[in-house]
Structure formats: C-alpha cells, structure tokens
Amino acid sequence: MTAPLLIQEAGAVRTAPASGAHAFWRRLRARRSAVVAGAVAALLVLTALAAPLLAAVEGQDPTTYHPDLVDSATGGVPVGAFGGMSADHWLGVEPLTGRDLFARVAYGARVSLGVALGATLLQVLVGVAVGLAAGLGNRWVDQALSRLTDVVVALPVMVIALAALAVVPAGFPRPVLIAVMVGLVGWSGISKIVRSQTLALKQLDHVAAARLSGWSGVRIARRELLPALAAPVITYAVLLFPGNIVVEAALSFLGVGIKPPTPSWGQMLSDADTWYRAAPTYLLIPALLIFVTVLALTVLGEGVRTALDPRVASRLRIGTGRKKEAGA
C-alpha cells in the first residue's frame with residue numbers, strides 16, 4: 001500500500017509521519033531559512049558552472065586588459081562611477097588593469113567553490129576511513145589511530161598550509177594543491193564523530209551477528225555501518241564546506257594561495273587591499289560574495305542537520321508549540 005496511512009484520532013483524520021527521503025525533504029522545506037539559503041547556494045553554484053556563458057552574455061572575459069577604462073593620472077583608478085560600472089561592464093572593472101570584474105567574479109566562484117568542494121570531499125574520505133578503522137579495529141589499532149587524530153587536531157591548519165604552499169614549485173596547480181593541503185589537515189573532526197558512532201553501532205545485534213558470521217570489516221562497514229553514518233557525515237560535510245571557502249580566501253589573501261591571472265575571491269581581496277579607498281567596489285564585491293556564501297551554506301547546513309535528525313525536529317516542534325500556547 002503506497003498511499004500514506006490514515007489515522008483517525010479524536011474525530012480528526014491525520015496522516016502518519018513519512019519516513020526516509022520524503023520525511024527529510026518535508027522537514028527541510030519546513031525551515032524557510034534553510035530553503036532560502038539553499039536557493040542562494042544553488043544560484044552561486046549555477047553562476048560558477050555557467051561562468052563562460054554569463055561572461056559571453058556580458059561580452060567580456062576575465063583576462064582581457066582595458067587600459068582605456070582606468071585613469072593613468074590617478075594611478076589606475078577606474079574611470080566612471082562605482083568602479084566603472086556600465087552596460088558593458090556590469091560590476092565595473094579592476095583598478096590598474098581594467099579587467100572586467102563581473103567575469104572575474106563568475107570565474108572566481110569556480111575556483112573558490114571548487115577548492116572548497118575538493119577539500120571537503122578529501123576530508124570526508126580520510127575522516128570516514130580513519131574513523132571506521134579505529135572503531136572496528138582492535139585496541140591497538142584504535143589507540144594508534146586515535147593518537148594520530150589527536151596530533152592532527154593540534155596541527156595549525158593555516159601554518160601547515162602556508163609552509164607547504166611556500167615550498168611547492170610554482171608550476172603545480174594551486175587550486176589542487178590548496179584543496180589537498182586543507183583536506184589532509186582538516187579531517188580529524190569527522191574522524192572523531194565516525195569513530196564514536198562506530199563504537200556505538202558495533203554493540204547493535206545485527207552488527208554483532210555480522211561479526212560473528214565472519215564478515216570482514218570492509219563488508220560490515222559497507223553493508224551495516226555506512227548507511228547509519230550517512231546522516232552525521234552529510235551534516236558535518238555541509239558545515240565544513242563554508243569553512244574551507246574561508247581558508248582558501250585567507251590563503252589567497254596572504255599571497256600564498258591562488259596566483260594571478262587565475263581569479264578567485266580571496267585573490268581579488270588580496271589585490272584590493274591597496275585600492276579600498278580609491279575603488280571600494282573592488283573590495284566590497286568579493287568580500288560580500290564570500291560573506292553571503294558562507295552564511296548561506298552555514299544556514300543550509302544547520303537546516304540539513306535538523307532535517308536529518310528527527311529528534312531535533314521534534315524538539316523544535318515542541319518548543320514552537322509551547323510558545324504558541326504561552327502566547328494564547
């Protein structure tokens with residue numbers, strides 16, 4: 001029977017609670033802030049994916065210099081109001097070079113979001129693998145991997161990334177290098193979560209039965225543990241993503257991240273450091289985009305966490321109901 005079960009109680013007909021993906025989407029849609037944040041995040045992703053198309057619609061590209069659009073007498077300040085905004089240059093142009101700012105922002109979204117995505121995926125893969133190995137292994141394996149995780153937790157991410165980026169040859173692709181470095185030093189948090197959840201799941205009857213049946217650790221992890229770990233892992237990954245955007249922006253701002261002419265929001269902020277008085281839009285636009293992106297992804301991550309955990313959603317409903325009763 002595919003239709004929802006109907007329960008008649010106190011003269012009213014109610015629909016039984018849904019489960020699975022349908023229940024998740026229903027709880028997520030109930031949080032308007034998460035829906036708005038998801039729409040903003042989707043728009044930013046579409047902008048990154050469609051950057052060549054959007055730049056073509058504007059009629060510009062991110063690398064062409066327009067020296068006629070900057071005033072050499074003032075040291076390269078864009079000509080015109082609001083950083084040279086016009087019908088041909090929707091967000092104005094860069095100081096000194098005259099490169100189109102909208103095209104660089106759109107292409108920069110590809111780099112900034114791509115680096116954050118790659119770092120997040122690597123953090124999840126390493127963290128889940130180490131957490132599962134620690135939780136399923138014997139006492140010695142658990143102790144060794146737990147101490148390794150503690151060491152990684154103590155590592156200063158920015159310092160390690162700065163050191164690695166300073167010694168790696170300049171010819172190595174910087175976006176890939178940043179994603180790998182951030183991913184390799186940022187997996188400890190998700191590893192601790194997976195290990196604790198694995199230790200709890202091992203005590204369940206069906207997991208214990210699988211171990212007694214001679215299943216390998218890989219098979220137990222794939223068949224019994226990973227489906228149960230999906231909710232906390234997805235939630236933590238969504239919350240890691242905005243933090244990785246900030247790390248990429250910070251590294252580029254410090255001059256060891258993305259190098260010109262490749263555009264990224266952090267690299268644009270670094271270049272705008274000397275122009276914030278003469279051309280404030282050059283600083284404000286990438287800074288605003290980073291702020292909006294991080295805020296939207298953080299709110300979306302909180303919404304996903306609530307939607308994946310029915311207990312949190314139930315507590316929120318109870319709290320809302322009490323507020324309504326108190327106001328009645």
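Which helix gives the largest share of the lining of the largest pocket? The answer is H4, with seven residues. Here are my notes on this predicted model, starting with the overall picture and coming back to that pocket.

1. **The chain as a whole.** The protein chain holds 13 helices and four strands. It has 328 residues, and 40% of them count as buried. If you look at contacts between residues at least 6 apart in sequence, 70% of these join residues at least 24 apart.

2. **The largest pocket.** Its volume is about 440 Å³. The lining is made of 18 residues, and the closest to the pocket centre are Val45, Leu113, Leu117, Phe241 and Leu297. Four elements give two or more residues to this lining: helix H2 (32-49), H4, helix H10 (217-253) and H12. By class, the lining residues divide into 14 nonpolar, three polar and one charged. H4 deserves your attention here, with its seven lining residues, and the next two points follow its packing.

3. **H4 against H10.** Two packed helices are described by the angle between their axes and the distance between the axes. For H4 and H10, the angle is about 145° and the axes are 8 Å apart. Their crossing is right-handed. The H4 side of the contact consists of Ser112, Leu113, Val115, Ala116, Leu117, Ala119, Thr120, Gln123, Val124, Val128, Leu132 and Leu136. On the H10 side you will find Gly217, Ala221, Leu225, Leu226, Leu229, Val233, Ala237, Leu240, Phe241, Asn244, Ile245 and Glu248. Sorted by class, this contact has 18 nonpolar, five polar and one charged residues. Leu113, Leu117 and Phe241 take part in this contact, and these three are also among the residues closest to the centre of the largest pocket.

4. **H4 against H12.** Helix H4 (residues 101-136) also packs with helix H12 (residues 280-308), at an angle of about 35° and with the axes 12 Å apart. This crossing, too, is right-handed. From H4 come Leu101, Val105 and Leu113, which meet Thr281, Tyr282, Ile285, Leu289 and Thr293 in H12. The contact has six nonpolar, two polar and no charged residues. Leu113 is worth selecting in your viewer: it appears in the contact with H12 and in the contact with H10.

5. **Two residues of H2.** Is Ala41 buried or exposed? Ala41, found in helix H2, counts as buried because its relative accessibility is 13%, under the 20% cut-off. Setting aside residues up to four places away in sequence, Ala41 touches Ala296 and Leu297. Its C-alpha atom is separated by 8.9 Å from that of Val292, a residue 251 places away along the chain. Leu46 also lies in helix H2, but a relative accessible area of 52% makes Leu46 exposed, as the cut-off for that class is over 50%. Between Leu46 and Ala109 there are 9.7 Å from C-alpha to C-alpha, with the two residues 63 apart in sequence.

6. **A buried aspartate in H5.** Which residues does Asp142 contact, leaving aside its neighbours within four places in sequence? They are Ala134 and Arg195. Asp142 is found in helix H5 (residues 139-154), and its relative accessibility of 11% is why Asp142 counts as buried.

7. **A glycine in H8.** Gly189 is found in helix H8 (residues 188-201). With a relative accessibility of 22%, Gly189 counts as partly exposed. In sequence, Gly189 and Gln123 are 66 residues apart, while their C-alpha atoms are 9.1 Å apart in space. Gln123 is one of the H4 residues that meet H10.

8. **A backbone detail before H4.** Have a look at Leu96, in the loop between strand E4 (77-78) and H4. Its phi is near 75°, a positive value in a residue other than glycine. Leu96 counts as exposed, at 54% relative accessibility.

Definitions and conventions: Residues are numbered from 1 along each chain as its sequence is written. This is a predicted model: local features need pLDDT of at least 70, side-chain atom pairs count only at pLDDT 80 or more; totals for chains, interfaces and linings use all residues. Side-chain values use heavy atoms; hydrogens and water are left out. Axes are lines fitted to C-alpha atoms, for helices over the stretch in contact, and angles run from 0 to 180 degrees between N-to-C directions. A crossing is left-handed if the near helix is turned anticlockwise from the far one by less than a right angle, and right-handed if clockwise. Contact means heavy atoms within 4.5 Å. Ala, Val, Leu, Ile, Met, Phe, Trp, Tyr, Cys and Pro count as nonpolar, Asp, Glu, Lys and Arg as charged, and the others, Gly among them, as polar. On a 1 Å grid over the protein atoms alone, a cavity is a set of points where a 1.4 Å probe fits but cannot get out, and a pocket is an open set with protein on both sides within 12 Å along at least five of seven lines; lining residues have an atom within 4 Å of a point. Grid points are joined across faces, edges and corners, and a volume is the space filled by probe spheres set on the points. Buried means under 20% relative accessible area, exposed over 50%, partly exposed in between (1.4 Å probe, protein chains only).
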